[in-house]
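Reader: I should like to learn how to read helix packing, burial and chain contacts in a model of this kind. Would you take me through them in order?

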Amino acid sequence: MSYLTLSITLIFVLIPLILSRTLKLGLEKDTIIATVRSIVQLLAIGYVLQFIFDSENLLYIFLMVTLMLVTATLNARKKGSSIKGITWKVGATLLFVEVLTQSILLRFHITPPTAQFIISISGMVIGNSMVLAILFLNRFTSEVESRQDETELILSLGGTPKQAIHTQLMQSIKASMIPTIESQKTVGLVQLPGMMSGQIIGGADPIQAVQFQLLILFLLLTTAAVTSVMLGFLSYPTLFNQRMQLLKQHHQ
Amino acid sequence: MTKRYKPAVHFQHVDYSVDELPILKNITGSFPEGRITTLVGPSGAGKSTLLKLCNGLISPDSGEIYIKDKEISSYQPVELRRNVGMALQSAPMVSGTVLTNLALPLALQGKQLPEKEAADLLDHVGLEADYVHRNIRDLSGGQRQKVSIARTLVNRPQILLLDEITSALDRTSQQEIEELILKINRKHGTTMIWITHNLEQALTIGHYTWVMMEGEVIETGESDLLKSPVNEKVKRFVKGEAQ
């Protein structure tokens, strides 16, 4: 696609701008910022990726994945600011998920150890893991607040913090995983995944594209499960102190 | 007030605050062993916070709390909470049957509650044995509260903390719960600390009362003090509540 053709696609930005202006939605500024940011960020990353792919230097791959991990951690931690040490907990979770998935992919020669594959798949895994972490933390913090009575009931009856928070923890893990599982049920019927569509548009064999997409979908199932479970089990102990009390900031 | 009875719970200059907002200020006093002491006072007086301090759900910022002459922090939290039971107005339940809920205190220790014992407990709180297998959702407010009290009794607590357990109930259920509490107190000699908004209840059921306002204990004594309080604020409160 030439830059001239690409510039014509700005029609798709004009439509929401006109609608926003006509209906006084006040979204013009945000739409323009979003457009400019996406152009700058994606073009920049395009050139960076081209450079890294050409160099095939391990250090650059490492730096790129680190950048993804740091950005995703800083973004996700906001949702769990009431949980002590949330930054390292989210960071450790995302790192573990990344190492686990890449180890399996590379160990079993599922994908080649090239920058092209490692970075692209890492982006999808870390991005998905970040969304899962946000979904989990959102749900977990609201469960802890809204079901404080139940937590204190179990503690009052002589239960441990783990027993007191068990239901809330399981509910939050389950709730955060549901969107991933549900979206996979309709994949191919309702929506064609972006990566697969991109490959097909780029001229790849559709069957090959489907195979890669299946790999990604299965990978995302693991990502979802491991992220929620690991973050859950890292998070709940810090809600309590040594005296098995729910910490003050979590009291309503 | 503590002349004839040993203190089951004793507070010594206890302060507690949340986000630097004082909730309890310099609380000193005792709850006599084997007696029913009611806590009365307007909302936001710190009554529920005081109860949570008694079973170690929270700890004071300063001051000491003694349970049976032993400083509260010398108890293991689990041991303390089994000894100091608690029942709440909302009577929170886990989903499932009455038996699931009655068995909860033992299930938390990895033990089982025999059905016969569950039936005996229900009988003790005035519910028929066939309630054992009923779903908790099908119970009325009064019945839930009875199950909640029965569940607390599974741990055989020596002290029972009751947080407005009759506030949401109709008059008949309220009387049934009052009779049940009196029965438990007489039969087991359980020390009761009971938060209530009902001054008549405090007068008729409680042996002693603490009047609390804005995080402080304003007046304490035998429940009759509510008939002729000394403190002006308490006089106004009693008058307002009575109307």
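Author: The following dialogue treats the helices of one chain, then burial, and then the contact between two chains. Please keep in mind that this is a predicted model.

Reader: Let us begin with the chain as a whole. How many helices and strands does chain A have?

Author: Chain A has 10 helices and zero strands. Read from the N terminus, its elements run α-α-α-α-α-α-α-α-α-α. Along the principal axes, the C-alpha atoms of chain A fill a box of roughly 70 × 55 × 35 Å.

Reader: What share of the contacts in chain A with a separation of 6 or more comes from residues 24 or more positions apart?

Author: Such residues account for 71% of those contacts in chain A.

Reader: How is the packing of two helices described?

Author: Two packed helices are described by the angle between their axes and by the distance between those axes. A suitable case is the pair formed by helix α4 (residues 58-77) and helix α5 (residues 86-107) of chain A, whose axes come within 9 Å and cross at roughly 140 degrees. The two helices, α4(A) and α5(A), are therefore oblique to each other. Their crossing is right-handed.

Reader: Which residues make the contact of α4(A) with α5(A)?

Author: From α4(A) the contact takes V65(A), L69(A), A72(A), T73(A), A76(A) and R77(A), and from α5(A) it takes I86(A), T87(A), V90(A), G91(A), L94(A), L95(A) and E98(A). Sorted by class, these are eight nonpolar, three polar and two charged residues.

Reader: At what angle do α5(A) and helix α10 of chain A cross?

Author: The axes of α5(A) and α10(A), the latter spanning residues 206-235, cross at roughly 145 degrees and come within 9 Å. This crossing, too, is right-handed. On the α5(A) side, the contact is made by K89(A), V90(A), A92(A), T93(A), F96(A), V97(A), L100(A) and T101(A). On the α10(A) side, the participants include L219(A), T222(A), V226(A), M230(A) and L234(A). By class, the contact of α5(A) with α10(A) divides into 10 nonpolar, six polar and one charged.

Reader: Which way does helix α8 of chain A run relative to α10(A), roughly parallel or roughly antiparallel?

Author: Helix α8(A), residues 161-185, packs against α10(A) at an angle of about 170 degrees, with the axes 9 Å apart. That angle makes α8(A) roughly antiparallel to α10(A). Among the residues in contact are L169(A), I173(A) and M177(A) of α8(A), together with L217(A), L221(A) and V229(A) of α10(A). The class count for α8(A) with α10(A) is nine nonpolar, six polar and no charged residues.

Reader: I should now like to turn to burial. What is the general expectation for nonpolar side chains?

Author: In soluble globular proteins, nonpolar side chains tend to be buried together. In this model, the largest nonpolar core has 107 residues, and L161(B) and I193(B) have the most contacts inside it. Helix α6 (residues 115-146) of chain A gives the largest share of this core, 13 residues. In chain A, 28% of the 252 residues count as buried.

Reader: Which residues does I193(B) touch, leaving aside its neighbours within four places in sequence?

Author: I193(B) is in contact with V9(B), F31(B), T37(B), L39(B), L51(B), C54(B) and L161(B).

Reader: How does one judge a single residue, and does L121(B) count as buried or exposed?

Author: One counts the C-beta neighbours. L121(B) has 22 of them inside 10 Å, and it therefore counts as buried. The residue lies in helix α5 (residues 115-124) of chain B. Apart from neighbours within four places in sequence, L121(B) is in contact with L102(B), A150(B), L153(B) and V154(B). By contrast, L214(A) counts as partly exposed because it has 15 C-beta neighbours inside 10 Å. L214(A) lies in helix α10 of chain A.

Reader: Finally, how many residues does each chain bring to the contact between chain A and chain B?

Author: Chain B brings 18 residues and chain A brings 16. On the side of chain B that touches chain A, the elements giving two or more residues are α2 (77-83), β6 (84-88) and α4 (104-107). The largest share of that side, four residues, comes from α2(B). By class, the side of chain B has 11 nonpolar, five polar and two charged residues.

Notes
Residues are numbered from 1 along each chain as its sequence is written. Chains are lettered from A and ligands numbered from 1 in the order in which they are written. This is a predicted model: local features need pLDDT of at least 70, side-chain atom pairs count only at pLDDT 80 or more; totals for chains, interfaces and linings use all residues. Axes are lines fitted to C-alpha atoms, for helices over the stretch in contact, and angles run from 0 to 180 degrees between N-to-C directions. Angles under 35 degrees count as roughly parallel, over 145 as roughly antiparallel, 65 to 115 as roughly perpendicular and the rest as oblique. A crossing is left-handed if the near helix is turned anticlockwise from the far one by less than a right angle, and right-handed if clockwise. Two residues are in contact if their C-beta atoms, placed from the backbone, lie within 7 Å. Ala, Val, Leu, Ile, Met, Phe, Trp, Tyr, Cys and Pro count as nonpolar, Asp, Glu, Lys and Arg as charged, and the others, Gly among them, as polar. A nonpolar core is a set of buried Ala, Val, Leu, Ile, Met, Phe, Trp, Tyr and Cys residues joined through C-beta atoms within 7 Å. A residue is buried if 20 or more other C-beta atoms lie within 10 Å of its own, exposed if 12 or fewer, and partly exposed in between; C-beta atoms are placed from the backbone.
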